[in-house]
Amino acid sequence: MSKADQWVTIALCACILTYGIVLIIGLTTHRLPFLSTLVNLITGLSIVLYWVQKQLRIEYHIFELREWIVLGMEV
């Protein structure tokens, strides 16, 4: 198993553990909607930041027509 695979496995286990802890705390304090929204926001932002820094390291980008169409529809 490569180092990158190990880091992904560790990050995934940490996310699952965090979601489980938030579920238990949210159910006991009756603040589950707020806490789950907060954890989802943090997780989503961390994935976007990882994707952006990875894309910035790529020196040459090739965009096909279908990618431009999908990007245009998303915007």
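## Exercises on cysteines and pockets

Cysteine 13 is partly exposed, with a relative accessible area of 49%, in this structure, which is a predicted model.

**Exercise 1.** Determine how many disulfides the structure holds, and explain why cysteine 13 is or is not bonded to another cysteine.

*Solution.* Begin with the general point that a disulfide is a covalent bond between the sulfur atoms of two cysteines. The cut-off applied here requires the two sulfur atoms to lie within 2.5 Å. For cysteine 13, the closest cysteine sulfur is that of cysteine 15, at 9.5 Å, and this is too far for a bond. Turning to the partner, cysteine 15 is likewise in no disulfide, its nearest cysteine sulfur being that of cysteine 13. The count for the structure is therefore zero disulfides, given the cut-off of 2.5 Å. As for accessibility, cysteine 15 is partly exposed, with a relative accessible area of 31%.

**Exercise 2.** Describe the largest pocket by its volume, by the elements that supply its lining and by the classes of its lining residues.

*Solution.* The volume of the largest pocket comes to about 360 Å³. Its lining includes Trp7, Leu12, Cys15, Thr43 and Tyr50, so that the cysteine 15 of the previous exercise appears here again. Two helices, α1 (3-29) and α2 (32-57), each supply at least two lining residues, and the largest share, six residues, belongs to α1. Sorted by class, the lining contains eight nonpolar and two polar residues, with no charged ones.

**Exercise 3.** Is threonine 43 buried or exposed, and which backbone oxygen lies 2.8 Å from a polar atom of its side chain?

*Solution.* First, place the residue: threonine 43 is found in helix α2, and it is one of the residues that line the largest pocket. Next, consider its relative accessible area of 19%; because buried means under 20%, threonine 43 counts as buried. Finally, the oxygen in question is the backbone oxygen of valine 39, 2.8 Å from a polar atom of the threonine 43 side chain.

**Exercise 4.** Give the volume of the second largest pocket, and work out which element gives the most to its lining and how the lining residues divide by class.

*Solution.* The second largest pocket has a volume of about 180 Å³, and among the residues that line it are Trp51, Gln55, His61, Phe63 and Glu67. Two or more lining residues come from each of α2 and α3 (65-74), and α3 gives the most, with four residues. By class, the lining divides into four nonpolar, two polar and two charged residues, whereas the lining of the largest pocket has no charged residues.

Conventions: Residues are numbered from 1 along each chain as its sequence is written. This is a predicted model: local features need pLDDT of at least 70, side-chain atom pairs count only at pLDDT 80 or more; totals for chains, interfaces and linings use all residues. Side-chain values use heavy atoms; hydrogens and water are left out. On a 1 Å grid over the protein atoms alone, a cavity is a set of points where a 1.4 Å probe fits but cannot get out, and a pocket is an open set with protein on both sides within 12 Å along at least five of seven lines; lining residues have an atom within 4 Å of a point. Grid points are joined across faces, edges and corners, and a volume is the space filled by probe spheres set on the points. Ala, Val, Leu, Ile, Met, Phe, Trp, Tyr, Cys and Pro count as nonpolar, Asp, Glu, Lys and Arg as charged, and the others, Gly among them, as polar. Buried means under 20% relative accessible area, exposed over 50%, partly exposed in between (1.4 Å probe, protein chains only). A polar contact is a pair of N or O atoms within 3.5 Å; within protein, one must be able to donate a hydrogen and the other to accept it, and residues adjacent in sequence count only if both atoms are side-chain atoms.
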